[in-house]
Amino acid sequence: MLGLYPEIEPYVQGMLPVGDGNEIYWEECGDPEGKPVIFLHGGPGGGSSPRHRRLFDPERYRIVLFDQRGCGNSTPNCATPEADLSANTTWHLVADIERLREHLDIEHWMVFGGSWGSVLGLTYAETHPQRVTELVLRGVATLRVKELQWLFGGGAAFLFPEAWSRFLAPVPFSRRQENLIEVYHELLHHPDPSVHGPAAIAWSRWEGETVKLRPQAEVIDAFSDPSFALAIARIENHYFRHGGWLAEDQLLRDAGKLRDIPCVLVQGRYDVVTPAITAWELSQVLPSAELVMVGDSGHAFDEPGTLHELISATDRFASDWQDAGTRQDEERNPDMLFGDEHVRRYEETDGEVGHDWEKGAPCLVLTTKGRKTGEDRKFALIYQFDDENNPVIVASKGGAPEDPGWYKNLQANPEVKAQVKADKFTARARTLEGEERSKLWEKLAKVWPDYNEYAKKTDREIPVVVLERV
């Protein structure tokens, strides 16, 4: 049974102004040159946590997490009385995700979302399908009336009557037959803390008591924390009473926009918060989606069966992502060196090990400055010499639609270091054009014919770079 990856810390983090007085907290973990993935947390208003970083292999993923407007470390927090929710909608969040993508200079990324994050993930992907490489969704929801009525209209109460009685406790008896989402809106925004405080805890605790197949005291206690409860209750209630600003059935109706995007739906059979019917209905209108129904799980992402399937999905998509010169495909010699091990052995032996690579292709070690971290980033790359004895390399990334990270690094800072066997030198990187590019492309393709195949797979002109000694 697969479990979470080891604990990991961000290598960079920050606050991004997104308008309307809001700043969102974001962080990156894992490999800065790895497969980009964005994690969309639940709630809305739940915030991200260090455990969410561990859903992805840190050696293969560039992991992006952020706290959505009004919650977590983003400001202003909706637990504060002055917080304005009028500029906090699904469409604001979709725009925030795009702004963050552009800020981080990411062309395309995998989208991973659970619970409310599945709603946001679907909305973002249907709005910007060209930016999404894969979708992994857990505890699938679409915020239709029947889904909201199930959770807040008494349906789930048939399974959790004790917890439901606690949810009803702040509601005047005379109003318990009304629309409880609207009643709670009044309670949560009452100016008296003795009113909005208990109402927030009752709302949040209801989720904490139903989120697991077997309720856990520590989870219920976390959801009952007054500050957390007030932020999540106000934001959730705000979104739910507006149906997420989505037309009824909109996300199912527009699912055809996702037909070319690999998608895995992981759903607990006994999920009370987002019942299995929605995941099943989405799979019926999105035949390309893989629906995994977990027979012994409720709603939470970390229940063993659900967690196993989520990690299986993220591992599989990481394996499908290949970076030329660092990933190994079925046709390559399994004894050859790749990635960091290739660089390490090359530097230890001055190229005695690692220079003559697969199919006889010669390799050098390129050192760039990370464009975000400023730290040295090293890559083993195939090369040939030009007429001036300067090494020439190709930014192919196996024919992927975007340039490799090392090329983006040297675009930001063309001053690099190179090692060809024992020869170590400083160089300035220059991208070739026209006849000069064509001539050297042909020379490199003779030692690595796959470059011609990579060029057929992508719409971009694959950069050819000369490292001119300085």
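Two strands count as paired here if DSSP finds at least two bridges between them, and the elements themselves are DSSP runs numbered from the N terminus: helices are H or I runs of at least four residues, strands E runs of at least two. With that in hand, look at S11 and strand S12 (residues 391-394), which pair in the antiparallel sense over two bridges. Within this pairing, Phe385 stands opposite Pro391 in S12.

A word on the model before going further. This is a predicted model, in which local features need pLDDT of at least 70 and side-chain atom pairs count only at pLDDT 80 or more, while totals for chains, interfaces and linings use all residues. Residues are numbered from 1 along each chain as its sequence is written, and side-chain values use heavy atoms, with hydrogens and water left out.

Now step back to the sheet around S11 and S12. Seven strands make up an open, antiparallel sheet, and their order is S10-S9-S13-S14-S15-S12-S11. Its edges are strand S10 (376-382) and strand S11 (384-385), each of which pairs on one side only. Strands of a sheet pair through backbone hydrogen bonds, either parallel or antiparallel.

Let us widen the view to the domains. The protein is divided into domain 1 (12-324) and domain 2 (339-469), with bounds that come from an automatic or database domain assignment. Their C-alpha centres lie 41 Å apart. Where the two meet, 13 residues of domain 1 are in contact (heavy atoms within 4.5 Å) with 14 residues of domain 2. About 1,100 Å² is buried between domain 1 and domain 2, and carbon and sulfur atoms give 52% of that area; buried area is the accessible area (1.4 Å probe) that two parts lose on being put together, summed over both.

What holds polar company across this boundary? Two salt bridges are counted between domain 1 and domain 2, each defined as a side-chain nitrogen of Lys or Arg within 4 Å of a carboxyl oxygen of Asp or Glu. The side chains of Arg371 and Glu33 meet in a salt bridge, at 4.0 Å from N to O. On the side of domain 1 that touches domain 2, the residues divide into five nonpolar, two polar and six charged; Ala, Val, Leu, Ile, Met, Phe, Trp, Tyr, Cys and Pro count as nonpolar, Asp, Glu, Lys and Arg as charged, and the others, Gly among them, as polar.

Finally, visit some backbone details. Strand S1 (residues 12-19) and strand S2 (residues 22-30) pair in the antiparallel sense over seven bridges, and Met15 has Tyr25 in S2 as its bridge partner. Their hairpin has two residues between the strands, and there Asp20 takes a positive phi near 60 degrees. Most residues other than glycine have a negative phi, and most peptide bonds are trans. Gly43 and Pro44 are joined by a cis peptide bond with omega about -5 degrees, and Pro44 is found in the loop between strand S3 (35-40) and strand S4 (61-66).
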